[in-house]
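Visitor: I should like to learn how the features of a structural model are read. May we take them one by one?

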Amino acid sequence: MSSAISNLPPPEPAAGFGELANCGVPRSASWRTLKNRIFLGICIVVTAISVLLLVVLLGSIVLQGTKYLTPSFFNNPPSRKPALAGFMPAIWGSVWVCFFCMVIALPMGVGTAIFLEEYKPRGGTLWGGLLKRGHSFVQLNIRNLAGVPSIVYGIIGLTCFVRMFGVFGSPNVAMYDSMRVLSLKSGESVQATLVEETDTAYSLMSPLKGPLTIAKSDVDSAREVYVHTHHFELADGREVEGKLRSMDGTLISIDPGARKANIEFKPSDVRAYASENAIRLGNPDTFFFLRLPLGGSVLAGALTLALVVLPTIIIAASEALRAVPNSLRQGAFALGCTRWQVVSKTVLPSALPGIMTGSILAVSRAIGEAAPLLVVGGFLFITFAPRNLMSDFAAMPLQIYNWAQRPQEEFHQVAASGILVLLSVLLVFNFVAILVRQLFQRKLS
Amino acid sequence: MSRPFRRDLLSAGRARNHAWAYRTESLITALLILLAAFSIFTTFAIIAVLLAETYRFFLMPDVTVGEFFFSGKWSPLLGGEKHFGIWPLMCGTFLVTAVSAVLALPVGLVTAVYLSEYAPAKLRAVLKPVLEILAGIPTVVYGFFALTVITPALKGLLGDQSVEGYNALSAGLAVGIMTLPIVCSLSEDALQAVPRALREGAFATGATKFDVSVKVVIPAALSGIIASYLLAIARAVGETMIVALAAGGLAQLTANPLNQVQTMTGWMVQIFLGDAPADGVEYTSCYAVGAVLFVLTFAITVIGNRVLARFREEYD
């Protein structure tokens, strides 16, 4: 060992140090100031490019998006005609999902943060040592959880919430649970609206109202319906051919090659659930309705999004709690408060603005998140706001995705309008967050 | 700073409610431990679900473990023989990530150096919010931007024939713009954490700002910068909506970013939006692909956080 060291050549002065020492030598002073100038130039150009990118991004969206941004855009359901296409179900879907997401995630996140920051185990005893280990593991774990791609959370949500591990029926049936295709079996009649549109021109749209009877169809199982194109003969003699794409009986759309037809069902038409084991509580028409498995419902979406934003909330709340001066805690302890009294009566009130700022930013993350909702709910052609936690939902980013991936130029413009709405909502949230932050700072000083 | 007298605090401490307070205390501690345990539970749930479903996938006909990890053919939906070799999807992910890294890593670092070392305070006050806005934009918006602005621009620049309508380059550039604020703000934090004394020492030897930034501050903050790079790369690997919109849907082994590719996340989107039946082999394959994606991003994030933790220890 020692011989190996003695065989090494004598150490040279560290390269960095030598270079640094040379910095002072006037030899290349002009070159070095030139280098400095060039680098500053590069910096300014690169930074300007970043700013320019933002300007181009927002500019292109504003340019494309203003055409269809009319009052009807906020009131209409999506449509196959760009001029009639609206954002209403998506806006309400986002409101429902994000509200319940926060109702779930906020208490859990703040609770975990309180545990991490205020209940640090001291170690010592065996139990305390174990707790301490667990404590640092949780802390590390949360940072790592924040890096998990949101689509992975989507898959977890699909398995745990949407299908519930198939406990309440086979995953297939659970997934298409409510497909009650059900009413389309030969000879059955349902109260429904048939909307017919021609494929090419988007010009003709003639809603035919009244009881609609499917005379004949080759549908016999939910799964087959989902995969294959089918041939339907309507009671009025017309024949349509297409796919059933809905996962919930509230809406089934048939996409034939030449003609398109959407058949809407009212929830009261729901006759039977395909899943025999499914548990249902309450009436599907009321707010108090629960069914298991959750299916691609608002609740499943909210739970999945809660998983996505939980690490963000925990990290933000931890930082807010850490910012509370220790003297406040010590003062309260000196008055004889228990730990929870200290936390609930002094620490939490002081940290509240910080926690609120973090939560607002977490909500805006949840509002813009598309991937997990896409996995959980799929994209459905939904024409109304959710009624209860078990309703299917559309969401703003999902609807934007759907419009953006269509080939028609007009739908790109509709997508841009949607983006404008989404970005304005986020801007408002960010503004509120900044406002809260500033109020907080004023209070501390 | 004077604080109002808190009568409620005083009464809270009174011995009157001692037993009650003690009981509440243990109850709440238990509840908080339960909440914290949930985060560990989530991690294990992710791993368990992915493992179980991946196992089920490998048991299916048409699928072998060897083919999945070592074959370069991914053609499940083309009818006839189905092939599940993950490499074409990996290739797509790597290509998009590489393009994004080429854009975001240098630009992010240079912007961070500018913000931290050069920019006047007033400019900083404007630029920081700009970066925060960039960071807050939903990814679906970047996807739309890639599809409607970057791709047409590339077509105009490089010729209509050489650029496909969906391509890895435009998706990668959009992902790069998306990860730019991550690199920039984390790197800037690292640069700011370098003690002033180091800078002043270098200035005292007659160094220019450039010398100080490149030879002193960046080396001192290197671990923080590397961590920001790793976290940005992890984000790029897991990015979904941009690639779903702009990268295309053809899984192929290619090194040309002008071709269309399918990433791992892109495949999942195609299946979950598409007509594949639940329980089918394509559907289940998403769990296997998701497992690979999870392992990849989790590993990068863990390494990144390790590096970050080390850098924090140095100057705290």
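Guide: Certainly. The model is a predicted one. Let us begin with a single residue, I226(B), which is placed in helix 10 of chain B, a helix of residues 222-238.

Visitor: Is I226(B) to be counted as buried, exposed or partly exposed?

Guide: The reading rests on a count of neighbours. A residue is buried with 20 or more other C-beta atoms within 10 Å, and exposed with 12 or fewer. I226(B) has 17 C-beta neighbours inside 10 Å and therefore counts as partly exposed.

Visitor: How far apart are I226(B) and A112(B), in sequence and in space?

Guide: Sequence separation and spatial distance are read separately. The two residues lie 114 residues apart in sequence, while their C-alpha atoms are 13 Å apart in space.

Visitor: How does one check the length of a helix, for instance helix 10 of chain A?

Guide: One compares an expected span with the distance between the end C-alpha atoms. Helix 10 of chain A holds 25 residues, 298-322, so at 1.5 Å a residue it should span 36 Å; the ends are 34 Å apart, which agrees.

Visitor: Where does helix 10 of chain A bend?

Guide: The bend, of about 40°, is at V309(A), and the proline P311(A) follows within four residues. As to its surroundings, this helix is mostly covered, with 23 of its 25 residues buried.

Visitor: Which residues of the largest nonpolar core touch the most other members?

Guide: A core is read through its best-connected members. Here the core has 199 residues, and A146(B), A174(B) and I242(B) touch the most other members. Helix 10 of chain A supplies the largest share of this core, 18 residues. Beyond its neighbours within four places in sequence, A146(B) has contacts that include S170(B), A174(B), I242(B) and L245(B).

Visitor: How many residues of chain B are in contact with chain A?

Guide: An interface is read from both sides: 79 residues of chain B are in contact with 82 residues of chain A. On the chain B side, helix 2 (residues 18-59) gives the largest share, 18 residues. That side comprises 51 nonpolar, 20 polar and eight charged residues.

Visitor: What are the domains of chain B?

Guide: Chain B is divided into domain 1, 7-59, and domain 2, 87-315. Their centres, taken over C-alpha atoms, are separated by 35 Å. Six residues of domain 1 are in contact with seven of domain 2; the domain 1 side consists of three nonpolar, one polar and two charged residues.

How values were computed:
Residues are numbered from 1 along each chain as its sequence is written. Chains are lettered from A and ligands numbered from 1 in the order in which they are written. This is a predicted model: local features need pLDDT of at least 70, side-chain atom pairs count only at pLDDT 80 or more; totals for chains, interfaces and linings use all residues. Helices (H or I, at least four residues) and strands (E, at least two) are DSSP runs, numbered from the N terminus. The expected span of a helix is 1.5 Å times one less than its number of residues. The bend at a residue is the angle between axes fitted to the seven residues ending there and the seven starting there. Two residues are in contact if their C-beta atoms, placed from the backbone, lie within 7 Å. Ala, Val, Leu, Ile, Met, Phe, Trp, Tyr, Cys and Pro count as nonpolar, Asp, Glu, Lys and Arg as charged, and the others, Gly among them, as polar. A nonpolar core is a set of buried Ala, Val, Leu, Ile, Met, Phe, Trp, Tyr and Cys residues joined through C-beta atoms within 7 Å. Domain bounds come from an automatic or database domain assignment.
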